[in-house]
Amino acid sequence: MTPTPLLDLFAVENLLNDDQKMIRDSVRSFSREVYAPKVQECFREERFPNELIPQIGELGVLGANLHGYGCAGLDAVSYGLIMREVEYVDSGYRSFVSVQGALCMYPIYAFGSEEQKQRYLPRMATGELIGCFGLTEPDSGSDPGSMRTFAKKVDGGYILNGAKMWITNAPLAGVAIVWAKTEENNAKSIRGFLVDREMKGFSTPKMSHKLSLRASLTGEIVLEDVFVPDENILPNVSGLKGPLSCLNQARYGISWGVLGAAMSCFDTALSYTRERVQFDRPIAGFQLTQNKLVEMAARIVHGHLLCHHLAGLKEAGQLTPIQVSLAKRENVRTALEIARESRSMLGGNGIMDEYPIMRHSMNLESVFTYEGTHEIHTLAIGRALTGLNAFSS
Ligand code: TGC
Ligand code: FAD
């Protein structure tokens with residue numbers, strides 16, 4: 001299976017080895033042949049295709065870059081290609097895969113005890129157990145250090161109270177990674193807790209009526225005097241760097257993933273404008289349309305080169321959070337602008353859900369906001385460039 005030739009102006013395909021191509025092709029086949037036919041209906045009905053979870057697990061994409069515990073142990077490029085192929089179909093599908101792997105399995109893998117790894121990871125790799133990641137709260141979004149969820153130490157464990165909001169997969173999760181302070185108003189005391197669905201006082205009401213990521217489930221996490229035993233605290237991390245390290249992993253995947261959404265919009269606009277005739281010729285024959293297509297193709301190619309460079313840094317263990325911020329910020333903006341431009345190229349048809357563009361465009365509005373808003377990444381990069389902190393006075 002080859003990429004759209006026009007999108008491979010710089011022969012990025014040549015950067016892939018045979019294993020990476022094989023992984024890309026198998027994820028592409030499943031995603032386009034099995035998952036994609038369900039997306040339109042799921043988006044309309046605001047539901048996730050739960051029935052496909054076992055097949056997604058079998059495909060080996062959950063926690064695919066982790067080693068052992070039933071995970072595939074793939075390299076950074078292969079992992080990125082997986083994200084791209086799933087997001088070609090829908091950003092909600094990529095959200096499902098990246099929350100499970102980067103935000104739920106990764107913290108257990110990186111900060112958990114050996115017993116926790118054995119208990120959770122193999123079942124999470126197959127999709128038998130779904131996780132969610134609870135950082136954001138109603139009054140604490142961009143500034144997670146202001147969270148109020150509190151874990152009080154008691155004999156044998158902790159009592160958790162608080163509320164998390166906007167949590168992907170919460171309604172179907174069997175385990176929630178909940179980040180909570182263990183000392184009042186002290187971000188350095190933040191710890192990660194593995195809260196199992198059956199723990200008393202834990203609930204996850206669904207958040208309905210979203211106009212974005214409708215084929216992804218979002219919920220709250222409500223914690224009312226939930227007793228979490230000592231063996232369910234992540235032992236090897238404390239402070240904001242715990243959740244923020246997980247975000248680095250997920251933001252890396254998003255940088256690749258959104259290129260898939262952008263490619264889907266480009267492919268749709270290209271084939272539509274070649275066929276749609278106005279003023280006696282295909283609209284792709286007009287210079288203004290070609291300018292739009294060239295701009296899109298060039299930005300998609302740049303996005304790929306950026307991701308390949310990022311993957312090299314990741315493999316070498318040299319990737320910094322600021323580099324990830326730069327890539328997430330750049331590629332998400334690119335994808336969102338490409339989606340909007342593609343929509344206009346289909347005219348009235350661009351707003352119909354038989355074409356994927358409007359759905360991608362609506363989805364990407366969330367991607368622009370979650371995992372650090374565009375502005376937050378701008379400020380983080382600005383702080384690194386200037387040495388001056390614009391977050392607070
Ligand atoms: P700051 O003082 O900068 O840092 C506090 C501590 O954290 C460390 N740190 C990081 N560590 C690893 N990776 C990063 N990216 C890190 N950024 C900071 C830092 O070294 C420090 O460590 P230590 O040991 O000195 O204590 O913290 P700050 O309060 O100034 O905040 C920094 C800021 C604003 C950049 C950060 O809070 C931030 O990224 N805010 C955005 C919040 C966010 O992205 N939330 C995402 C929630 S999850 C989500 O959206 C999932 S969507 C899922 C889907 O469906 O795909
Ligand atoms: P706010 O932080 O209130 O920001 C509002 C606006 O103010 C933004 O434009 C922001 O950039 C701007 N702003 C804030 N501070 C500054 C500043 N200092 N300077 C300039 N501008 C600023 N969270 C999780 O923990 N787990 C999940 O699984 C998860 N899934 C999500 C799924 C969806 C569909 C969505 C929409 C969100 C999800 N989130 C999740 C939450 C997401 O991470 C937050 O929405 C995001 O971090 C922004 O927080 P907020 O919505 O509270 O906006």
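Helices here are DSSP runs of H or I with at least four residues, numbered from the N terminus. With that in hand, here's a quick tour of a predicted model. The domain assignment splits the protein into domain 1 (6–126), domain 2 (131–238) and domain 3 (242–386). Most of what follows is about how domain 1 and domain 3 meet, plus a look at two residues with positive phi, Asp225 and Glu371.

**Where domain 1 meets domain 3**

- Going by C-alpha atoms, the centres of domain 1 and domain 3 sit 19 Å apart.
- On the domain 1 side, 33 residues make contact, and they touch 39 residues of domain 3.
- People often put a size on an interface by quoting the accessible area that is lost when its parts come together.
- For domain 1 and domain 3, that buried area comes to about 3100 Å², and carbon and sulfur atoms account for 69% of it.

**Polar links across the interface**

- How many salt bridges does the rule find across the interface of domain 1 and domain 3? It finds two.
- Arg44 and Asp353 pair up through their side chains in a salt bridge, with 2.7 Å from N to O.
- Polar contacts between domain 1 and domain 3 add up to 13 residue pairs, counting those with both residues at pLDDT 80 or more.

**What domain 1 brings to the contact**

- Three helices, H1 (18–45), H3 (76–89) and H4 (91–111), each put at least two residues into the side of domain 1 that touches domain 3.
- H3 gives the most to that side, chipping in ten residues.
- Sorted by class, the side of domain 1 facing domain 3 holds 21 nonpolar residues, along with six polar and six charged ones.

**Two non-glycine residues with positive phi**

- Asp225 has a phi near 50°, which is positive even though the residue isn't glycine.
- You'll find Asp225 in strand S9, which covers residues 218–229.
- Asp225 counts as exposed because its relative accessibility is 52%, and the cut-off for exposed is over 50%.
- Glu371 is another non-glycine residue with positive phi, this time near 60°.
- Look for Glu371 in the loop that links helix H9 (357–369) to helix H10 (374–386).
- Is Glu371 buried or exposed? Glu371 is buried, because its relative accessible area is 12% and buried means under 20%.

How values were computed: Residues are numbered from 1 along each chain as its sequence is written. Chains are lettered from A and ligands numbered from 1 in the order in which they are written. This is a predicted model: local features need pLDDT of at least 70, side-chain atom pairs count only at pLDDT 80 or more; totals for chains, interfaces and linings use all residues. Side-chain values use heavy atoms; hydrogens and water are left out. Domain bounds come from an automatic or database domain assignment. Contact means heavy atoms within 4.5 Å. Buried area is the accessible area (1.4 Å probe) that two parts lose on being put together, summed over both. A salt bridge is a side-chain nitrogen of Lys or Arg within 4 Å of a carboxyl oxygen of Asp or Glu. A polar contact is a pair of N or O atoms within 3.5 Å; within protein, one must be able to donate a hydrogen and the other to accept it, and residues adjacent in sequence count only if both atoms are side-chain atoms. Ala, Val, Leu, Ile, Met, Phe, Trp, Tyr, Cys and Pro count as nonpolar, Asp, Glu, Lys and Arg as charged, and the others, Gly among them, as polar. Buried means under 20% relative accessible area, exposed over 50%, partly exposed in between (1.4 Å probe, protein chains only).
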